[in-house]
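Trainee: I've just been handed a new model and I don't know where to start. Could you walk me through reading it?
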Amino acid sequence: MSYDPASFRPCTFHDSVPRFLDGGDTPRAFLERCLEVIALREPVVQAWVTINEAGARVAADAATARYKAGRPLSSIDGMPIGIKDMLQTKDMPTEQGTPLLKGVETRTDSASVLALRQAGAVILGKTVTTELGMSHPGPTTNPFNPDHTPGGSSSGSAAAIGAAMVPATLGTQVVGSIIRPAGFCANTAIKPTFGAIHRGERLGFSQSHIGVHAGCLRDMWAVAFEMSQRAGGDPGHPGLYGEVVPRAAARPLRLIVMEAEGWAATDGRTMGAFEKILGQLRDAGVTILRRSDSPLIEGFEQAIGDSLALCRDLCGYELRWTLENLIERFGSGLSDSMMARLELARSMSIDDYRLALLKREEARRAFVAIDRLADGLISLSSVGPAPLMENRARDSGVTHTTGLPAFNAATSVLGCPAITLPLLAVGGLPVGVQVIGQPHTDAALTGTAAWITANITPVVV
């Protein structure tokens with residue numbers, strides 16, 4: 001099915017809650033509708049590794065009883081949610097996209113998953129990820145054209161939303177693994193401030209984020225907020241600030257266009273569509289700033305100019321110990337792409353890692369320096385629509401089979417919040433536009449996103 005933003009209808013949850021309360025609908029019935037869509041679309045989309053129908057029905061029935069009694073646990077009580085298979089679930093295997101961990105059960109919930117259960121959410125299943133959350137793809141296809149990738153590494157999480165299977169899923173990002181696939185699959189998604197949602201066992205990565213894919217802004221924010229309220233942020237981090245609903249729509253006065261490394265790689269049709277979005281913003285009274293408008297913006301662009309290579313080095317060095325242990329245990333079974341990452345990591349010294357950390361800190365300081373110039377940044381979420389499944393693009397020594405994260409690496413390096421919105425359709429496929437804020441401005445960023453959603457018309461080319 002070709003993507004048309006005017007007719008696409010994602011699965012949403014918040015608008016069903018009033019009917020749960022008055023008895024016109026139930027979480028159990030909502031779940032069954034989700035399962036019907038999954039049965040219809042999953043043979044082609046292949047978004048799921050495991051689906052726990054029995055456990056989901058028990059949880060949905062419990063939520064139904066709470067609504068009947070007028071005592072829902074939270075704003076997401078009864079919401080069916082998919083969990084990226086990098087995160088642990090006590091009742092399903094956690095295979096992390098590699099055959100080496102096939103069937104492995106930790107019998108443990110990640111902090112984020114436990115928080116969702118405490119909020120009454122229905123943990124429906126595990127969604128497909130790339131191998132160990134890196135570049136080598138799983139079987140998932142793009143829900144709008146199966147010849148194209150859904151993106152990675154949160155491929156199943158993004159595709160499940162694009163296929164209208166569930167209202168929300170969890171994703172993770174160390175480079176571009178939430179925002180890019182979300183853009184490829186017409187999701188509304190957030191990569192929150194670094195550390196805002198407790199990462200559980202993923203604390204070993206110094207810029208890994210847990211975020212939310214959803215069919216709408218309100219569901220996205222509710223899931224993120226309810227998780228953080230219960231699990232908090234990472235140790236030493238204050239968690240996610242805000243309220244249970246997104247901020248009221250607020251027009252930004254000024255937005256800075258972030259070019260990053262993606263500008264030169266973006267195809268002409270996508271760039272033209274993005275410029276039309278910027279034109280609409282200007283017509284609505286938003287001042288658009290570019291790198292030529294301030295030496296501070298130019299300095300910022302230069303500071304983030306090698307973010308892809310920086311992410312490669314940081315992630316490779318931090319992942320090395322996991323990979324070394326898998327090699328020692330199994331001998332083989334990792335993809336060529338993963339072995340190439342391991343060889344890059346093996347070539348790094350501790351001083352190389354220290355230099356990478358220094359470069360990241362310099363980028364963050366340059367980001368703080370532009371804070372007073374605008375209300376936020378705006379950028380594409382990808383360099384174009386989702387590439388074909390057989391894509392083998394390379395950058396910085398890494399094969400990006402699921403699309404180039406050239407507009408995403410910088411925000412991961414910066415640890416700042418980013419929200420992607422489905423504002424473009426290019427050649428029948430979705431392309432996202434992201435708004436970006438300073439750390440801990442996640443709630444305010446939802447107000448910007450809400451205003452853009454309400455006032456900017458999606459562009460189709």
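Mentor: Sure, and let's begin with a term. A polar contact is a pair of N or O atoms within 3.5 Å, where within protein one atom must be able to donate a hydrogen and the other to accept it. Keep in mind as we go that this is a predicted model.

Trainee: Okay, which side chain makes a polar contact with the side chain of H209?

Mentor: That's K191, at 3.1 Å from side chain to side chain. H209 has another partner too: a polar atom of its side chain lies 2.7 Å from the backbone oxygen of Q207.

Trainee: Where is H209 found, and is H209 buried or exposed?

Mentor: You'll find H209 in strand β6. The cut-off for buried is under 20% relative accessible area, and H209 has 2%, so it counts as buried. Leaving out residues up to four places away in sequence, H209 touches a good list of others, including G171, T172, I178, F194, R199, S412 and G415.

Trainee: Let me try another one. Which side chain is joined to that of D25 by a polar contact?

Mentor: The side chain of R33, at 2.7 Å. D25 lies in the loop between α1 (17-22) and α2 (27-45). Its relative accessible area is 9%, so D25 is buried. Besides R33, D25 touches S16, R19, F20 and F30, again not counting residues up to four places away in sequence.

Trainee: What about a loop residue such as L203: how does its relative accessibility make it count?

Mentor: Partly exposed is the class between the buried cut-off of 20% and the exposed cut-off of 50%. L203 comes out at 36%, so it is partly exposed. Look for L203 in the loop between β5 (188-191) and β6 (209-214). Also compare sequence with space here: L203 and D234 are 31 residues apart in sequence, yet their C-alpha atoms are 7.8 Å apart. L203 touches D234, along with H198 and P235.

Trainee: Now helices. How many residues does α7 have, and how far does α7 reach?

Mentor: Helix α7 runs over residues 217-231, which gives it 15 residues, and it reaches 21 Å from its first C-alpha to its last. That is close to the 21 Å expected at 1.5 Å a residue.

Trainee: How many of the residues of α7 are buried?

Mentor: 11 of the 15, so α7 is mostly covered. Among the buried ones are L217, W221, F225 and S228. After α7 comes G232, with a positive phi near 70°.

Trainee: How do I describe two packed helices?

Mentor: You use the angle between their axes and the distance between the axes. Take α4 and α7: their axes come within 8 Å and cross at roughly 100°. That makes α4 roughly perpendicular to α7. In this contact, A111, S112, A115, L116 and Q118 of α4 meet V223, M227, R230 and A231 of α7. By class, there are 6 nonpolar, 2 polar and 1 charged residues.

Trainee: And at what angle do α10 and α11 pack?

Mentor: About 110°, with the axes of α10 (residues 307-330) and α11 (residues 336-346) 8 Å apart. That makes α10 roughly perpendicular to α11. The residues in contact include Y317, L319 and L323 of α10 and M338, M339 and L342 of α11. By class, the contact has 9 nonpolar, 1 polar and 4 charged residues.

Trainee: You mentioned phi for a glycine. Which residue other than glycine has a positive phi near 55°?

Mentor: Q96 does. Its place is in the loop between β2 (80-84) and α4 (111-118). With a relative accessible area of 24%, Q96 is partly exposed. H440 is another case: its phi is about 70°, although H440 is not a glycine. H440 sits in the loop between β13 (429-436) and α14 (442-455), and at 38% relative accessible area it is partly exposed.

Trainee: One last backbone angle: where is there a peptide bond that is cis?

Mentor: Go to the bond from G152 to S153, where omega is near 0°. S153 is found in the loop between β3 (122-127) and α5 (155-162).

Methods. Residues are numbered from 1 along each chain as its sequence is written. This is a predicted model: local features need pLDDT of at least 70, side-chain atom pairs count only at pLDDT 80 or more; totals for chains, interfaces and linings use all residues. Side-chain values use heavy atoms; hydrogens and water are left out. Axes are lines fitted to C-alpha atoms, for helices over the stretch in contact, and angles run from 0 to 180 degrees between N-to-C directions. Helices (H or I, at least four residues) and strands (E, at least two) are DSSP runs, numbered from the N terminus. Angles under 35 degrees count as roughly parallel, over 145 as roughly antiparallel, 65 to 115 as roughly perpendicular and the rest as oblique. Contact means heavy atoms within 4.5 Å. Ala, Val, Leu, Ile, Met, Phe, Trp, Tyr, Cys and Pro count as nonpolar, Asp, Glu, Lys and Arg as charged, and the others, Gly among them, as polar. Buried means under 20% relative accessible area, exposed over 50%, partly exposed in between (1.4 Å probe, protein chains only). The expected span of a helix is 1.5 Å times one less than its number of residues.
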